[in-house]
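Could you walk me through this structure, helix by helix? I'd like to know what sits inside, what sits outside, and how the charged side chains pair up.

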Amino acid sequence: MEKLIRPSGNYRKLLSYQKTEVIYEMTYYFCQKYLQKGDRTVDQMVQAARSGKQNIIEGCAASSTSAKTEIKLVNVAKASLQELLEDYQDYLKTRGHRQWEEGSTEWEAMRQLGREHNDASFFMNLCASRPPETIANMAIILIHQADYLLFKQLERLGRDFAEGGGFSERMTRIRKENRGY
């Protein structure tokens, strides 16, 4: 028999969450170390990174009763990361630093590291010995990877909803089953 309340997902196992956790820690470190205290950009960058991570958690928690809310929150996470991406790109532009070009040696090396590692401690060790423009470029690539993972997650959530419906549809099916329809 179908259950009305589905178990919510374990967000810690999601690659998208793991990637956004890394992005949050890197961003917090970057902002504290390389941006001026009191600069509004610090708060905005940290909040955008936090929102990327926290909305995945909230979406997973809501998933047991609302596919719509889960999809919306995962999309908010994605949008927050786009805002953060722009902040990192602005940082590089306004300071005359190079943004790594797609396909460059640095870009490809970081993409590979991003595919192989999802633990914040690995990337934080790298950050400790890198200049701010390198950290910004690293974050940009990780944001692109998280964005892709969130896009795939949204596609899957959409398919799941199309195939099985949401909470209201489950309620109707269960009531019909219990009535013998």
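What follows is a short tour of this predicted model, beginning with one helix and moving on to its surroundings.

Let's start with helix H4, which runs over residues 105-116. With twelve residues at 1.5 Å each, H4 should span 16 Å, and its end C-alpha atoms are 17 Å apart, so expectation and model agree. Now look at which side of the helix faces inward. Trp 107, Met 110 and Gly 114 are the buried ones in H4. Looking down the axis of H4, you'll find the buried residues within an arc of 75 degrees, so they line one face of the helix. Turn to the other side of H4 and you meet Thr 105 and Glu 116, both exposed. And what lies over the buried residues? The cover includes helix H1 (15-34), helix H5 (120-127) and helix H6 (132-164).

One of those buried residues, Gly 114, leads us straight to Lys 19. The backbone oxygen of Gly 114 lies 2.4 Å from a polar atom of the Lys 19 side chain. Lys 19 itself belongs to helix H1. Here's the curious bit: which partner of opposite charge does this buried lysine have? Lys 19 has no salt bridge, and the nearest side chain of opposite charge, that of Asp 119, is 8.7 Å away. With a salt bridge needing nitrogen and carboxyl oxygen within 4 Å, Asp 119 at 8.7 Å doesn't qualify. Setting aside neighbours within four places in sequence, Lys 19 is in contact with Gly 114, Arg 115, His 117, Asn 118, Leu 142, Gln 145, Ala 146 and Leu 149.

Helix H6 deserves a stop of its own, and Ala 136 is a good place to pause, being found in that helix. Its relative accessibility is 0%, so Ala 136 counts as buried. Leaving out residues up to four places away in sequence, Ala 136 touches Phe 30, Tyr 88, Tyr 91 and Leu 92. Ala 136 and Gln 99 are 37 residues apart in sequence, yet their C-alpha atoms are 8.5 Å apart in space.

Now for the charged pairs. Side chains of opposite charge can pair when their charged atoms come close. The structure holds seven salt bridges. Among them is the one between Asp 90 and Lys 93, at 3.8 Å from N to O. These two are three residues apart in helix H3 (residues 67-94), which means about one helical turn separates them. Asp 90 is partly exposed at 31% relative accessibility, while Lys 93 counts as exposed at 55%.

Back in H4, Glu 108 and Arg 111 form another salt bridge, at 3.6 Å from N to O. They, too, are three residues apart, about one turn of the helix. Glu 108 has a relative accessible area of 33%, so it counts as partly exposed; Arg 111, at 30%, is also partly exposed.

In H6 the pair is Asp 160 and Arg 156, whose side chains meet at 3.1 Å, N to O. They lie four residues apart, about one turn of the helix. Both are partly exposed, with Asp 160 at 36% and Arg 156 at 34%. The spacing in these pairs fits a simple rule: an α-helix has 3.6 residues a turn, so residues three or four places apart point the same way.

Finally, not everything comes as a simple pair: Arg 98, Glu 101 and Glu 106 are linked in a network of salt bridges.

Note on methods. Residues are numbered from 1 along each chain as its sequence is written. This is a predicted model: local features need pLDDT of at least 70, side-chain atom pairs count only at pLDDT 80 or more; totals for chains, interfaces and linings use all residues. Side-chain values use heavy atoms; hydrogens and water are left out. The expected span of a helix is 1.5 Å times one less than its number of residues. Buried means under 20% relative accessible area, exposed over 50%, partly exposed in between (1.4 Å probe, protein chains only). The arc is that of the directions from the helix axis to the C-beta atoms. Contact means heavy atoms within 4.5 Å. Lys and Arg count as positive and Asp and Glu as negative; His and the chain ends are not counted. A polar contact is a pair of N or O atoms within 3.5 Å; within protein, one must be able to donate a hydrogen and the other to accept it, and residues adjacent in sequence count only if both atoms are side-chain atoms.
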